[in-house]
Amino acid sequence: MLLLTRRQTILAAIATSLAGRAAFAQSAPAKVRIALDWTPNTNHIGIYVAKEKGFYAAAGLDVEILPFTDTSAGTLVSNGVADFGISSEIEALTQRAGGGDVKMVYGVVQTETARLIFKGGRDDIKRPRDLDGKTYGGFGGTWESALVSAMIRNDGGKGDVKTVTLGTSAYEALDNGSIDFTLEIYTWEGIAAELENRKIGRFHYSDYGIPDEQTTVIVSSDAYLSASREHARAFIQATRQGYVYSIDHPDEACDLLIAGSNGALMNTELVRASQKALIEGHFLRSEAGVIGTLDPAKAEAIGGFLVENGILVDANGTVLKEKPDFSAYYTNELLG
């Protein structure tokens with residue numbers, strides 16, 4: 001009787017274990033939504049790779065990539081429409097300061113990818129201070145004027161420029177002379193210009209006193225992180241795996257991005273050249289081998305610049321006079 005009881009106990013334990021495994025295997029994957037900041041491009045490559053290579057599925061996630069809309073990804077995240085979103089460090093800092101539930105959780109790039117540009121070959125533009133009195137073609141960002149003016153002043157100019165909001169291609173506006181200078185994302189727009197054999201002059205922000213920043217980041221919300229911490233951790237780690245794979249297997253990664261874009265990426269030469277620039281320029285992976293980590297010193301520096309220039313306002317629209325605790329604006333905890 002004792003032997004039978006032991007056998008029954010063992011068999012019951014095995015049955016319980018198998019039932020538990022079966023239930024886990026059959027449980028539906030967790031739904032996760034990430035909103036894009038623009039049409040698909042190489043800034044998003046790790047996400048598409050993680051989805052197509054099954055990294056998300058292996059982590060128990062069903063990831064939906066939400067297409068770009070007129071509403072910023074950070075706003076979608078803050079309002080609970082998306083769980084994650086592609087944003088910029090400046091936009092994330094601005095939205096959080098203004099009361100938005102936005103927190104940076106992944107650094108897509110490790111250093112600034114944007115440039116101030118002008119039509120190449122101009123004898124009257126050799127350095128930023130030569131831009132005084134000229135026309136800047138902008139995109140409506142409140143921080144743009146502060147950045148442009150600071151670069152000019154840091155080079156010995158006054159920082160006085162005329163600003164117009166672009167209603168056409170920035171490069172067309174440069175060509176037809178309706179503007180004298182503008183901004184670009186070098187690793188996409190700049191590479192496209194090079195492939196088109198456009199002659200473009202460029203100034204790096206950091207060469208003229210602007211703090212380096214991680215131009216492209218992934219954001220989430222405190223609400224989502226509190227409610228779904230383990231799903232968030234699984235998503236970020238699988239996403240990092242996707243970006244690592246895109247660096248180590250760029251050709252395959254580009255193919256996956258192109259296929260996943262559903263026809264949005266017709267210029268395959270641009271996709272491959274852009275990914276090459278992101279890798280060789282140590283944007284996706286720093287020279288020290290860092291991938292995905294948010295740099296506290298950079299967040300503090302660019303955040304300080306925004307405060308000093310009156311860009312950050314609180315939820316009531318009041319300009320912040322002192323630095324907030326920027327360490328609450330981001331977390332690297334999900335990477336570990």
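Where in the protein chain is confidence lowest, and where is it highest? This is a predicted model, so let me start there. The lowest confidence falls in helix α1, residues 2-26, with a mean of 46. The highest is in β10, at 99. Across the protein chain, pLDDT averages 93. At least 70 is the score of 92% of the residues.

Stay with the N-terminal end for a moment. Over residues 13-25, pLDDT stays under 50. For that stretch the model has zero contacts beyond four places in sequence. Where pLDDT is low, the predicted coordinates should not be read in detail. I will leave that part alone.

Next, the annotation. UniProt, in an unreviewed entry, places the feature "domain: SsuA/THI5-like" at residues 41-253. Over those residues the chain is 40% helix and 21% strand. The end C-alpha atoms of the stretch are 12 Å apart.

Now the sheet. It is open, with five strands and mixed pairing. The order is β2-β1-β3-β10-β4. Which strands stand at the edges? They are β2, residues 61-66, and β4, residues 103-107. Each has a single partner strand, so one side of each is left without a neighbour in the sheet. From one strand to the next, the twist averages 30°.

An edge strand can still be covered, so look at β4: is it mostly covered or open? Mostly covered: five of its five residues are buried. Strand β4 runs antiparallel to β10, and four bridges join the two. Within that pairing, Met104 stands opposite Val219 of β10.

On to the pairing of β3 and β10. Strand β3 covers residues 84-88, and β10 covers 216-220. They pair in the antiparallel sense, over four bridges. Ser87 has Val217 of β10 as its bridge partner. Helix α5, residues 89-97, packs on the sheet here. That helix touches β3, β4 and β10, and its direction makes about 110° with that of β3.

Take Ser87 itself. Ser87 lies in strand β3. It is buried, with a relative accessible area of 3%. Its side chain makes a polar contact of 2.8 Å with the side chain of Glu91. Not counting residues up to four places away in sequence, Ser87 touches Ala92, Thr215, Thr216, Val217 and Val219.

Another helix on the sheet is α2. It lies across β1, β2 and β3, and runs at about 140° to β2. Ile45 is found in this helix, which spans residues 45-52. Is Ile45 buried or exposed? Buried, with a relative accessible area of 0%.

What does Ile45 contact, beyond its neighbours within four places in sequence? The list is Tyr243, Ser246, Ala253, Cys254, Leu257 and Gln275. There is also a long step in sequence to Gly242, 197 residues apart along the chain. The C-alpha atoms of Ile45 and Gly242 are separated by 7.7 Å.

Follow one of those contacts, Leu257. Leu257 sits in helix α11, residues 250-260. At 0% relative accessibility, Leu257 counts as buried. Leaving aside neighbours within four places in sequence, Leu257 is in contact with Asn41, Thr42, Ile45, Tyr48, Leu265 and Val271. Now set Leu257 against Ala299: they are 42 residues apart in sequence. In space, C-alpha to C-alpha, Leu257 and Ala299 are 29 Å apart.

That is the tour. I am happy to take questions.

Notes: Residues numbered from 1 in each chain as written. Predicted model: local features only at pLDDT ≥ 70, side-chain atom pairs only at ≥ 80, totals over all residues. Heavy atoms only, no water. Buried < 20%, exposed > 50% of the residue type's maximum accessible area, 1.4 Å probe, protein only. Contact = heavy atoms within 4.5 Å. Pairing = 2+ DSSP bridges. Axes fitted to C-alpha atoms, helices over the stretch in contact; angles between N-to-C directions. pLDDT = per-residue confidence, 0-100. Polar contact = N/O pair within 3.5 Å; in protein donor to acceptor, adjacent residues only side chain to side chain. UniProt positions renumbered as here; feature names shortened; annotations may be inferred.
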